[in-house]
Amino acid sequence: MIPTLDTERLILRAPEAGDFPVYRDFFADAAASRFYGGPMDASAAWRVLAADLGHWALRGYGRWAVVERASGRMIGGCGLWWAEGWPRSELTWWIVPEARRMGYAAEASRAAIAFGYRTLGWDLVETHMNDANVAARQLAEKLGGTVLMRERFPDGLERDIYALPDR
């Protein structure tokens with residue numbers, strides 16, 4: 001069972017089949033999905049949605065669909081993720097372009113971080129930063145993140161590992 005998290009402006013809920021058009025459109029947009037594996041065609045975006053659901057079953061945590069409370073519109077995904085072959089888990093998020101710069105990524109991330117510490121009992125919630133993703137780095141710092149170390153990942157990129165506090 002995937003828990004639902006509520007924040008002031010957002011609902012973080014289980015992804016569902018009806019969210020597919022948002023996944024499809026986001027991942028088809030090369031600029032929007034650049035740091036999230038895109039661009040990709042509709043069938044690959046479907047697999048991302050399926051993986052988001054499956055991750056919960058395999059690991060007991062994962063990414064939620066982020067829904068704007070006022071409109072009921074799904075605007076992205078956020079949660080805790082550990083891809084097979086990667087060195088550890090991380091906080092990850094994506095927000096559709098028209099919902100960016102409204103503080104939604106920070107609000108959803110705070111809820112996911114709290115879930116990691118308070119529900120899962122983790123000692124550390126972290127995120128792994130692609131050097132070119134300036135906006136994500138700024139968000140990690142806004143969340144109080146501090147660089148723990150730098151590490152090379154299985155995709156060949158070196159990334160800064162940010163520790164994220166529970167606030």
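In this predicted model, helix α3 lies across β1, β2 (10-13), β3 (63-68), β4 and β5, and runs at about 30° to β4. The strands beneath this helix are a good place to start: they form an open sheet of 5 strands in the order β1-β2-β3-β4-β5, with antiparallel pairing. Strands β1 (5-6) and β5 stand at the edges with a single partner strand each, so one side of each has no neighbour in the sheet. Helix α1 (residues 20-28) also packs on the sheet, where it touches β4 and β5, and its direction makes about 90° with that of β5. Between strand β4 (residues 74-81) and β5 there are 6 bridges, the two strands running antiparallel; here C78 stands opposite W93 of β5.

Helix α4 (residues 134-142) offers a neat view of a two-sided helix. Its residues A136, R137, L139 and A140 are buried. Seen down the helix axis, these buried residues fall within an arc of 160°, so they line one face of α4. The face turned away from them carries the exposed residues A135, Q138 and K142. On the buried side, the packing partners are β5 (90-95), α3 (104-119), β6 (125-129) and β8 (158-164). Just after α4, G144 adopts a positive phi of about 90°.

A closer look at helix α2 (residues 42-59) brings in H55. This histidine is buried because its relative accessible area, 6%, falls under the 20% cut-off. A polar atom of the H55 side chain lies 2.7 Å from the backbone oxygen of Y61. Beyond its neighbours within four places in sequence, H55 is in contact with G60, Y61, G62, L80, W81 and W82.

Technical notes: Residues numbered from 1 in each chain as written. Predicted model: local features only at pLDDT ≥ 70, side-chain atom pairs only at ≥ 80, totals over all residues. Heavy atoms only, no water. Buried < 20%, exposed > 50% of the residue type's maximum accessible area, 1.4 Å probe, protein only. Helix = DSSP H or I, 4+ residues; strand = E, 2+ residues; numbered from the N terminus. Arc of directions from axis to C-beta. Contact = heavy atoms within 4.5 Å. Polar contact = N/O pair within 3.5 Å; in protein donor to acceptor, adjacent residues only side chain to side chain. Pairing = 2+ DSSP bridges. Axes fitted to C-alpha atoms, helices over the stretch in contact; angles between N-to-C directions.
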